[in-house]
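Biologist: Could you take a close look at how the two chains are arranged with respect to each other, and then walk me slowly through what you find?

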Number of protein chains: 2
Amino acid sequence: MGATGSMFRGTKPIVLTASLLNSRPDDASSALHDVATAYPDVICVDYTHPSSANLNADLYGSTGLSFVMGTTGGDPGAMQRAMGPDVYAVIAPNMAKQIVALQAALEILATDFPGAFEGYQLKVVESHQSGKADTSGTAKALVRSFQQMGVADFSTEDIEKIRDADQSQARMGVPANHIAGHAFHTYRLTSPDETVSFEFQHNVCGRRVYAEGTVDAVQFIHQRRRERTVQRSFNMIDVLRQNAKH
Amino acid sequence: MGATGSMFRGTKPIVLTASLLNSRPDDASSALHDVATAYPDVICVDYTHPSSANLNADLYGSTGLSFVMGTTGGDPGAMQRAMGPDVYAVIAPNMAKQIVALQAALEILATDFPGAFEGYQLKVVESHQSGKADTSGTAKALVRSFQQMGVADFSTEDIEKIRDADQSQARMGVPANHIAGHAFHTYRLTSPDETVSFEFQHNVCGRRVYAEGTVDAVQFIHQRRRERTVQRSFNMIDVLRQNAKH
C-alpha cells in the first residue's frame, strides 16, 4: 500500500493504490483510518479481486474514503449502500474510455433501432492472455446489444475464445511482445444473403489505456466531491459524458 | 415509368418507380396527375439525379403524391415546402438501414462523448466501382463524427479512394463479381502510443440492401399517411426508430 504524496494536496486529487486482499480486515481498516486522517482528500484506486469488491467498498465507506474501483464482480447495490455521506466513487467493469464509449453506442443503437440487424449472422472472436479463463465481459455485453438488434442464432456461448499464443498472433495479429497482456475482439455481422457485412474490432495491448481511464475517473471524482454533487456513485459513462458539459 | 399493380390497393402501399429525368416537366406532370387519379394511394420511389431532386419533389407536391426519395443532392428545405398537405415523404441520402444506424450511433457518440478519441490517429479507405468520382458521403459523415470525438490531423480530403478493380479486390477483398457495384469502407483508429486500435468496416455488394430499405420506407410512409400524422417529412432514422415504438 502506498500513497502518492501530499504534494498533490489542495486542488489536485491524492491517489492511494490499495492492495487490501491479503490484509486482515481489522489491519486494513486501521491503516485506512490512518490514511484518511493524514490525507483527507485521498482517493483510493482499487483493482481488487471480484470476491473482495464488497469488503473493500465497506472499508472505504466506514472510513469516509472516496474510491475508483475496477471490478467485474461484487454487488453494486450493496456498494452504494455502504458509501457514507461524503464518499464519492466510480465503479466500473472496464476503465478503457473508448471501449466503454463503443459499448454505450451499441446499447443506444439496440434501444433506438431494435430491428436494425434483423436476420444478420454474427461471428465473434476474442483473444486474451492464456491466464484469462472466462469469456470477455465486453464481448458478452456487445453480443447482447447485437441480439437486441435482431441478430439470429447467436448466444454468448458462441463467442470464440483464443488463449493460445500462436493463434493470437496468427489469427488476430497480436504483437509478440503483448501475448502476455492483451484484449483483442472482432465482431462480424453478415446479412442473410451475404451481400452486406459489418466488422468491428477493438484491440488493446498492455494496460496503459486502463490507467489513463483510471486517472480520468480520479479527476472526475475529485471534481464531483469538490462540487458536493447529490449523485455520488458513478460509472465510466458518467466520466465520458463530463466532457460534453464543459 | 411503371406502376406495380392495383392488386396492392387497400391496406398495402402502391409503389410507382419514376424516371422523370428525361421527361419534359409538362409531360411528367400530366402523367403523374393521371397516376394520382387512378391510384390515389400511390407512393413514388425516386432515385433521381441530384440535379432533378427538387424538380421532382415539386411535381409530387403539386400532384399530391407521397414519395420516397434517395438523393445526396437537392435542397431539403425547398422539398419540404413543396409538399402539399396530404403528401408524406422519406428523403434520405442512404437507404441502407444498417449503415444509417451505424452513422447515427457515431453521431450520438460524438455528441455525448466528444473527447472519447482525443489524440487518436485515423485512417480511412473506401472502395467503389470505377464510375463513382466523388468521395463516399457516408465516409465523410463518419469522419466528421470522429473529428468531433477528438481525432487529430484528419480531414475528409485524407480519405483514400480506391476505384481500381485490382486494388479493390487485393486490398479490400471485394468479390470479383461485385467490382461493378460495391461500397466498401474501412476506418482505423489508433491511440497515440499505438497500444489501442479500433477498426470499423461496412461493406456492401450490389444494391439489394438499398432496395430493402426502400421497401421499409414505403411501408413507413404508407402507415404515417393512414394515421395522418402531423409530421410528414422523414428520414431513414425515423424509419429505423419505428420498430422501437411497436
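Modeller: Before the two chains are compared, it helps to say that copies are superposed by least squares on the C-alpha atoms of residues with pLDDT of at least 70 in both. This is a predicted model, and in it chain A can be laid on chain B with an RMSD of 0.0 Å, by a turn of 180 degrees together with a shift of 0.0 Å along the axis. A turn and shift of this kind are the relation of a two-fold axis. If we look in chain A for the C-alpha nearest that axis, we arrive at A:F200, whose C-alpha is 2.4 Å from it.

The way in which the copies touch can be described as well: 100% of the interface residues of chain A are also interface residues in chain B, so the copies meet through the same surface.

From there we can turn to the loops, taking one residue from each chain. In chain A, the loop between β8 (182-190) and β9 (196-205) holds A:E194, a residue other than glycine whose phi is nevertheless positive, near 65 degrees. Because exposed means over 50% relative accessible area, A:E194, with a relative accessibility of 63%, counts as exposed.

In chain B, the residue to look at is B:R228, which lies in the loop between α7 (208-227) and β10 (233-234). B:R228 is not a glycine either, and yet its phi is positive, at about 50 degrees; with a relative accessible area of 58%, B:R228 is exposed.

Key
Residues are numbered from 1 along each chain as its sequence is written. Chains are lettered from A and ligands numbered from 1 in the order in which they are written. This is a predicted model: local features need pLDDT of at least 70, side-chain atom pairs count only at pLDDT 80 or more; totals for chains, interfaces and linings use all residues. Side-chain values use heavy atoms; hydrogens and water are left out. Contact means heavy atoms within 4.5 Å. Helices (H or I, at least four residues) and strands (E, at least two) are DSSP runs, numbered from the N terminus. Buried means under 20% relative accessible area, exposed over 50%, partly exposed in between (1.4 Å probe, protein chains only).
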